[in-house]
Every structure is written in C-alpha cells, then in structure tokens.
Amino acid sequence: TGINAEYMGAGWHLVDAVGGADMPVCITVLNSYSGWALVCEGFMLNNSLLTVVGSLIGSSGAILTYIMCVAMNRSIFNVLFGSYASLGSADGEEVDQGVHQETTVAETVALLTGAAEVVIVPGFGLCQGQAQYAVSEMSTVLNENGVNCRYGIHPVAGRMPGQLNVLLAEAGVDYDVVLEMDEINDDFPNTDVSLVVGANDVVNPGALEDPNSALSGMPVLHVWKSKTSIVMKRSMATGYAGVQNPLFFKENNFMLFGNAKGVCEDLLAGVKDTFKK
C-alpha cells in the first residue's frame, strides 16, 4: 500500500503540472509508459508475447508524443514540467483586441457559392458537434458545382493526431482533398474563403506575430491570409491554451456563432438551394 500511494502521488504530480492544452500529449506519454511497464513485466515473467506487445504500445505512444510536440513546437520536458501559462501571457482578455465582425448563414452561403477556392479547417468543435457529415456533403456539393473545396488539417487539431482525418474519412471525404498544414499553408493567399469549423489555437496568428504569446513559435494554419476567413464557434471563448485569438478581430474575418452541427446543416441546405436556382 505504501508503494502504491507513492506511485499514485507521482502520477498525480505529473498530470497536475500539465497545462490543459498539453493534456493530450500527457495522455500519449502515459500510454507509452504503460507499454514499457508491460515490457518489464514480460522480461520478469519470461513472456515473449508481453514483451513484444509492450514494445509496440510503448514505441507507438512515444512516436505519437514526438509528433504532437513537433506540431506545437514544444519540448517534451516543457510539456511535462511546465504549462502554457508559464510561457507567456495566457489571459487574452487583458488585452483589448478591438471589435469582432459577425456574419450570418445566408451571407456565408453567398461567399462559399461565389468563391473559386475554399478551404475548410476543422477542429475539436467539429468533432464535438459531430458535424463531419454535413461538412462532407457541403464540400461535395461545392466541388460538383465548380468550387475547389479542400480541407486543411493541423497535426494536433481535434486533440489527437489523425482524429480529424479519421472523422472526415468516416464521413466519405475524398483523401485527395484533405491536406496537411505544410501542404496547404502556401495556398491561403490564393484562397477566397477559409471556413474554420470549431478550431481556435491552431489558427491563431499570435503564434507567429506576437513573441510574447503563450503560443509563440507554434506552427499554425495561415487562414488570415485568405481573402475572407469565417470562424464558426459557439462563443468568443479562448481555446485550450487560454489565449485570445487575434484572428477574430482581423478586418477580413467574420464570426459565425452557433452549434457546429446545426450551423453546418443550415449551410448545406443553403448551398444546395443556391445551386438549384
């Protein structure tokens, strides 16, 4: 019991020190730990199966952790022994960013159907709202009617690498139109409309423009470089990092408030009606 209490205390101390935005990385680290523990058990019991399975779990968790740290431009040491709050000013509400602009479903439909190039950037809000089916169908309708509609995926969008890719594939999105951050970033200046669905920190320009930002140095999707960006969120709340997003206040950005699934279904209906006329 004494040793178990020590282990529990060590585990609590490790997790408690991790900032909210870094918690998915902590989960992958713990997943990797479980694999190496299984390897040790396999050696102790002289069981080759436990050793092999533990090696697979441990190495896959370590690889996933590395991918996420690279995507956030963070070291594993910084993730485990610090948080975003210690890196910079995380309280975005202290700084007056200006006034945001709001838009409507009808105006968004007009922009989407009148565009030549559209990029959809999904985030955790799409996962939470289960809006992937409506978004998939909408992008299909746009592509069938001459609008080049593609997806830009950040490595850690959706909290886990590959989560958005899996959801979009499940919804029937063609793999060829789903591009990674490094593949799509150079195309934003030639994009008419960028539609951000439930993403926040991964499209924060402060990561590049503000050296004092807690997100400074983190690679992000450059949606603000498109002619018009539309951010679909339920409110103006900050993301997991607790950092205000200057994108919301840029002149070419508009906020579309509402539940991701409901708004996306309304957009789908509007896009279909527009092309029927």
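The largest nonpolar core of this protein holds 36 residues, and Ile120, Met138, Tyr151 and Leu195 have the most contacts inside it. Helix H12 gives the most to this core, with six residues. The model is a predicted one. The chain has 277 residues, of which 47% count as buried.

**Overall build**

- The protein has twelve helices and six strands.
- Its C-alpha trace spans about 70 × 45 × 30 Å along the principal axes.
- Long-range contacts are well represented: among contacts between residues at least 6 apart in sequence, 75% join residues at least 24 apart.

**Nonpolar cores**

- Met138 is one of the residues with the most contacts inside the largest core.
- Leaving out residues up to four places away in sequence, Met138 touches Leu112, Ile120, Leu195, Leu267, Leu268 and Val271.
- Another core, of 32 residues, lies apart from the largest one. Its members include Ile184, Val202, Met218 and Ala241.

**H8 against H12**

- Helix H8 covers residues 132-144. H8 and H12 pack with their axes 9 Å apart, at an angle of about 20°.
- An angle under 35 degrees counts as roughly parallel, so H8 and H12 are roughly parallel to each other.
- The crossing of H8 and H12 is left-handed.
- On the H8 side, the contact uses Ala134, Val135, Glu137, Met138, Val141 and Leu142. On the H12 side, they meet Cys264, Glu265, Leu267, Leu268, Val271, Lys272 and Phe275.
- By type, the residues of the contact of H8 with H12 are ten nonpolar, no polar and three charged.
- Met138 of H8 belongs to this contact, and its own partners include Leu267, Leu268 and Val271.

**H6 against H12**

- Helix H6 covers residues 105-113, and H12 covers residues 260-276. Their axes come within 9 Å and cross at roughly 55°.
- H6 and H12 are therefore oblique to each other.
- The crossing of H6 and H12 is right-handed.
- H6 contributes Val105, Thr108, Val109 and Thr113. They meet Val263, Asp266, Leu267, Gly270, Val271, Thr274 and Phe275 in H12.
- The residues of the contact of H6 with H12 comprise six nonpolar, four polar and one charged.
- Leu267, Val271 and Phe275 of H12 take part in the contact with H6. Leu267, Val271 and Phe275 also take part in the contact with H8.

**Met68**

- Met68 sits in helix H3, which runs over residues 48-72.
- Its relative accessibility is 2%, so Met68 counts as buried.
- Met68 and Ala157 are 89 residues apart along the chain, and their C-alpha atoms are separated by 10.0 Å.

**Leu208**

- Leu208 lies in helix H11, residues 206-209.
- Its relative accessibility is 48%, so Leu208 counts as partly exposed.
- Leu208 touches Met218, Val220, His222 and Trp224, not counting residues up to four places away in sequence. Of these partners, Met218 is a member of the core of 32 residues.
- The C-alpha atoms of Leu208 and Met255 are separated by 21 Å, with their positions 47 residues apart along the chain counted as the distance apart.

Terms used
Residues numbered from 1 in each chain as written. Predicted model: local features only at pLDDT ≥ 70, side-chain atom pairs only at ≥ 80, totals over all residues. Heavy atoms only, no water. Axes fitted to C-alpha atoms, helices over the stretch in contact; angles between N-to-C directions. Helix = DSSP H or I, 4+ residues; strand = E, 2+ residues; numbered from the N terminus. Parallel < 35°, antiparallel > 145°, perpendicular 65-115°, else oblique. Left-handed = near helix turned anticlockwise from the far one by under 90°. Contact = heavy atoms within 4.5 Å. Nonpolar A, V, L, I, M, F, W, Y, C, P; charged D, E, K, R; others polar. Core = buried A, V, L, I, M, F, W, Y, C linked by side-chain atoms within 4.5 Å. Buried < 20%, exposed > 50% of the residue type's maximum accessible area, 1.4 Å probe, protein only.
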